[in-house]
Amino acid sequence: MASEDFNPSDWKRLIRFLGDDPERPGLLETPDRVAKAWAAWTSGYGQNPAEILKVFEDGAEDYNELIVVRGIPVYSHCEHHLAPFFGMATVGYTPDGRIVGLSKLTRLVDCFSRRLQVQERLTMQIANALMTHLAPRSVGVVIRCRHMCMESRGIRTPGEETVTSALKGELHTNLGLRTEFLELARERA
Ligand SMILES: [Zn+2]
């Protein structure tokens, strides 16, 4: 929200355009609040996946099994309607000598979800960033989200989830590993 051709008072024009009076007491503080909220919702633009993943942890040189974090919250906005979509991500990988702190996976999801997105690209970007910056043997990402732009306009059943997945490396090619990961992702987001 750093552009010189947009400032919080422009939200007043939007409120007026929507049919309300931006000068009524309940809405007076709204433009500033909305500007702050959007800064948080799009804070991913200021984050760099290479920075998030640059510090590795020791102690797992011989660990070759799946590492999976489930229930990572996803809060994003669709780039077609600026409407929220939100849900949970499961992120997993099989390391090739390097592991990262589990909280880094949550930060990585935040980095890409706190932007204007489509769920398919969000899923791929998380998987690709892990492949590029951690260089594991494989990566798997499953995301389940509810999209307000669809639900609130009656195109979809309320509560319906969109599920996307990206599988890289041996998680893509090894059927046993793939099944194990997708089972874990199915139970909880
Ligand atoms: Zn949308």
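**Exercise 1. Which residue follows H1, and what is the sign of its phi?**

Work on the predicted model.

Step 1. Go to the end of helix H1, residues 10–18. The residue that follows H1 is Gly 19.
Step 2. Read its backbone angle. The phi of Gly 19 is positive, near 110 degrees.

**Exercise 2. Sort the residues of H1 into buried and exposed, and find what the buried ones pack against.**

Step 1. Apply the cut-off: buried means under 20% relative accessible area. In H1, Asp 10, Trp 11 and Ile 15 are buried.
Step 2. Check their placement around the axis. They cover an arc of only 150 degrees, which puts them on the same side of H1.
Step 3. Turn to the face pointing away from that buried side. It carries the exposed residues Arg 13 and Phe 17.
Step 4. Find the partner. The buried residues of H1 pack against helix H2 (30–41).

**Exercise 3. Lay out the open sheet of five strands and name its edges.**

Step 1. Write the order: E3-E1-E2-E4-E5, with mixed pairing.
Step 2. Look at the ends. E3 (116–117) and E5 (162–169) each have a single partner strand, so one side of each is left without a neighbour in the sheet.
Step 3. Add the helix. H4 (residues 102–113) packs on the sheet and touches E1 (67–78), E2 and E3. The direction of H4 makes about 20 degrees with that of E1.
Step 4. Take the pair E1 and E2. They run antiparallel over nine bridges. Ile 72 stands opposite Ala 89 in E2.
Step 5. Inspect their hairpin. Five residues lie between the strands, and Leu 82 takes a positive phi near 55 degrees.
Step 6. Move on to E2 (residues 84–94) and E4 (residues 138–147). This pair is antiparallel over 10 bridges. Tyr 93 stands opposite Val 139 in E4, and Gly 92 opposite Gly 140.

**Exercise 4. Identify the protein donors of the zinc ion and say which parts of the chain His 81 and Cys 149 tie together.**

Step 1. List the donor atoms: Cys 78 (SG), His 81 (ND1) and Cys 149 (SG). They lie 2.1 to 2.3 Å from the zinc ion.
Step 2. Write the spacing in sequence: C-x2-H-x67-C.
Step 3. Place two of the donors. His 81 lies in the loop between E1 and E2, and Cys 149 in helix H6 (residues 148–151), so the pair ties together parts that are 68 residues apart in sequence.
Step 4. Compare exposure. His 81 is partly exposed, with a relative accessible area of 41%. Cys 149 is buried, at 9%.

Terms used: Residues numbered from 1 in each chain as written. Predicted model: local features only at pLDDT ≥ 70, side-chain atom pairs only at ≥ 80, totals over all residues. Heavy atoms only, no water. Pairing = 2+ DSSP bridges. Helix = DSSP H or I, 4+ residues; strand = E, 2+ residues; numbered from the N terminus. Contact = heavy atoms within 4.5 Å. Axes fitted to C-alpha atoms, helices over the stretch in contact; angles between N-to-C directions. Buried < 20%, exposed > 50% of the residue type's maximum accessible area, 1.4 Å probe, protein only. Arc of directions from axis to C-beta. Donors = N, O, S within 2.8 Å, 3.2 Å for Na, K, Ca; no water.
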